[in-house]
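Hi everyone, thanks for coming. I'd like to walk you through one helix and a few charged pairs, so please have a look at the model on the screen.

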Amino acid sequence: MRVHRSPQTRDFVIIPNSAARHRGLSFTARGILVHLLSLPDGAKEDVRTLADRNPGVGRRGVSKAVQELEDAGYYFRRTIRDPETGQVWTETFVYDTPQDSPLPASPGTGAPADGNAGTLPSGVKDPSTKNLEKTLPSLSVPKVQVPAAPAWEGFKENDHQGQEAARVLARLATMDMRLRLSQRQVQELVPLAAQWLHNGASAVEITDALVHDLPAKVHSAAKLVADRLTRKLPEPRRSWARYADCGQCRNPLPVGQASGICAVCSGVQVHPDLRALAADSAPDPAVAARAASIRAALRARRSAVSA
């Protein structure tokens, strides 16, 4: 067999040979793994959608192949329940190399008020019976322990900087699903993010500091965000006064005047250059004497005419 490969510049995926040639996986499982790795991060794909797009395999065949990937450490599922709202959702993780399960055990579906786990959801296997050698920590969404970094004096959550900080934190999940925060966690982290805005940082700078160089495993998005907001907090930047231009001469207006014309253009003040010129110029005695004689002659002539 002679293999021909064409150079690729876009829309391609790199698969390790150890995954493509994994003899412990069926061809169906390997094909599904290649398909999942070719999808962008955040794509919604599960057994039902895979079976719908591959009717020849069937849902049972797809489910069996996915279970092969899960047993081999390529595929993980985590069911999450918000302790306040009781909302339950499932997150899926796909790796190109086998991993020891980085995921906590699936939570129960008991009443969210007491926080105790109930029975496992339908279709989720008990990990303790699947692999007794792996001990998985139970999932919990504790209250964020924000490090000691008090907000500046006079901080208000509903002001402009507080609202902008909340928007930045809520958008982190669009950058990386591992940084998904609940509404309560966003509210608790708002003072830290607002401190960045108060020190002169922009929303883009905050996002880059939180998203860049994430670890391979994010066990607690809220604690990671709180740590980075505290540890990477920039020094307050010097705030420069902003001046508006005069509507006529285009010179800067006084601080606090956002529009209109300056005092010189309105006639309230004399131009500084003219005022300096008048102060520096001394009259010539001969010119002053000549002007005095002219004024005297004019007065004498007006007196003669009027007489």
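**One helix and three salt bridges**

Let me start with what surrounds helix α9: the cover over its buried residues includes α6 (160–170), α7 (172–175), α8 (183–198) and α10 (221–231). Please keep in mind that this is a predicted model.

Which residues of α9 are buried? They are A203, I206, T207, A209 and L210. Those residues span an arc of only 165 degrees around the axis, so they sit on the same side of α9.

Now let's pick one of them and zoom in. T207 lies in α9, which runs over residues 203–211. Is T207 buried or exposed? Its relative accessible area is 15%, and the cut-off for buried is under 20%, so T207 counts as buried. And what does T207 touch? If we set aside neighbours within four places in sequence, T207 is in contact with V168, L172 and M175. V168 falls within the range of α6, while L172 and M175 fall within the range of α7, two of the helices I listed as cover. Before we leave this region, look just past the end of α9: D213 there has a positive phi of about 55 degrees.

On to the charged pairs. As a reminder, side chains of opposite charge can pair when their charged atoms come close. How many salt bridges are there in this model? The count is eight, and I'll show you three, including one inside a helix.

That one joins the side chains of R48 and D52, at 3.7 Å from N to O. Both belong to helix α3, residues 47–53, and because they are four residues apart, about one helical turn separates them. R48 is partly exposed, with a relative accessible area of 45%.

Next, R77 and E70 form a salt bridge with their side chains, at 2.7 Å from N to O. Here the two partners fall into separate classes: R77 is partly exposed at 36% relative accessibility, whereas E70 is buried at 17%.

My last pair is R78 and E91, whose side chains meet in a salt bridge at 2.9 Å, N to O. Where do these two sit? R78 is in strand β1, residues 75–81, and E91 is in strand β2, residues 88–94, so the pair links distant parts of the chain, 13 residues apart. Both R78 and E91 are buried.

That's my tour. Happy to take questions!

Definitions and conventions
Residues are numbered from 1 along each chain as its sequence is written. This is a predicted model: local features need pLDDT of at least 70, side-chain atom pairs count only at pLDDT 80 or more; totals for chains, interfaces and linings use all residues. Side-chain values use heavy atoms; hydrogens and water are left out. Buried means under 20% relative accessible area, exposed over 50%, partly exposed in between (1.4 Å probe, protein chains only). Contact means heavy atoms within 4.5 Å. The arc is that of the directions from the helix axis to the C-beta atoms. A salt bridge is a side-chain nitrogen of Lys or Arg within 4 Å of a carboxyl oxygen of Asp or Glu.
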